[in-house]
Structures are given as structure tokens and as C-alpha cells.
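Me: I am new to this structure and would like to understand the words people use for it. Could you take me through them?

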Amino acid sequence: MEYTALIEECKEGGFVAQCAQMRNAFAQGETIEEAQENLKEVIRLLMECEQEQQEKIIVKSAHFYRAAVVL
């Protein structure tokens with residue numbers, strides 16, 4: 001899957017990266033490359049947490065399964 005990284009240079013030095021498709025995905029690094037790599041890890045962790053949350057909210061019933069759908 002491909003995501004867009006918005007990268008901004010900090011006045012104090014280094015870079016901050018944000019994923020355009022995920023509002024809570026931010027990372028920083030001393031270089032652009034480091035900020036990108038750190039952002040990849042943040043995205044992986046957020047996706048992992050989202051998957052775990054989806055698994056927790058699935059409720060089994062006698063004849064059907066019910067799950068929340070997040071849009």
C-alpha cells in the first residue's frame with residue numbers, strides 16, 4: 001500500500017513527516033530519509049492497533065456476527 005508523506009523542515013533542525021491519509025501519523029528524524037523510515041513504522045503500528053481494535057469489537061451471536069464498520 002502506498003501513502004503520501006508530507007515532510008517539513010524544522011527551524012530547530014531535523015524534519016517532521018505526516019501521513020496525508022492518516023491524521024494521527026506523525027514522525028520526526030534528523031534527515032528526510034530518517035523521518036520517512038520513522039513514519040513507516042508509525043503507520044505500521046497504527047494499522048496494527050486498528051486491526052486489534054477491530055478484532056475486539058466483533059461480537060459472536062447464535063446466527064450472525066456483528067462488527068463496527070469505521071469509515
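Reply: Happily! Let us start with exposure: a residue is buried under 20% relative accessible area, exposed over 50%, and partly exposed in between, using a 1.4 Å probe and protein chains only. This is a predicted model, where local features need pLDDT of at least 70, side-chain atom pairs count only at pLDDT 80 or more, and totals for chains, interfaces and linings use all residues. Residues are numbered from 1 along each chain as its sequence is written, and side-chain values use heavy atoms, with hydrogens and water left out.

Me: Why is Lys40 called partly exposed?

Reply: Lys40 has a relative accessible area of 41%. That value lies between the limits of 20% and 50%, so Lys40 counts as partly exposed. Lys40 belongs to helix H1; helices are DSSP runs of H or I with at least four residues, strands are E runs of at least two, and both are numbered from the N terminus.

Me: And why is Phe26 called partly exposed?

Reply: The relative accessibility of Phe26 is 44%, which again falls between 20% and 50%, so the label is partly exposed. You will find Phe26 in strand S3, residues 26-29.

Me: What makes Ala17, Gln18, Leu39 and Val42 contacts of Phe26?

Reply: Contact means heavy atoms within 4.5 Å. Phe26 touches these four residues, with residues up to four places away in sequence not counted. With that kind of neighbour set aside, Met22 is in contact with Tyr3, Ile43, Leu46 and Met47.

Me: How do you know that S1 and S2 pair?

Reply: Two strands pair if DSSP finds at least two bridges between them. Strand S1 (residues 5-9) and S2 are joined by 5 bridges, so they meet that requirement, and they run antiparallel. One of the bridges links Glu9 to Phe15 in S2. The hairpin of S1 and S2 has 5 residues between the strands, and Gly13 there takes a positive phi near 110 degrees.

Me: What makes S2 and S3 a pair?

Reply: They share 4 bridges, so the requirement of at least two is met here as well; the direction is antiparallel. Val16 has Gln28 as its bridge partner in S3. Together, the strands form an open sheet of 3 strands in the order S1-S2-S3. S1 and S3 are the edge strands, since each pairs on one side only.

Me: What makes a group of residues the largest nonpolar core?

Reply: A nonpolar core is a set of buried Ala, Val, Leu, Ile, Met, Phe, Trp, Tyr and Cys residues joined through side-chain atoms within 4.5 Å. The largest one here has 9 residues, including Phe15, Met22, Leu39 and Ile43. Strand S2 (15-19) and helix H1 (32-57) are the elements that give two or more residues to this core. In the whole protein chain of 71 residues, 15% count as buried.

Me: How do you know which element has the lowest confidence?

Reply: By its pLDDT, the predictor's confidence in each residue, from 0 to 100. Strand S4 (residues 59-60) has the lowest mean among the elements, 46, and S3 has the highest, 96. Over residues 59-63 the pLDDT is below 50, and this stretch has 4 contacts in the model beyond near neighbours in sequence. Where pLDDT is low, the predicted coordinates should not be read in detail. For the protein chain, the average pLDDT is 82, and 76% of the residues score at least 70.
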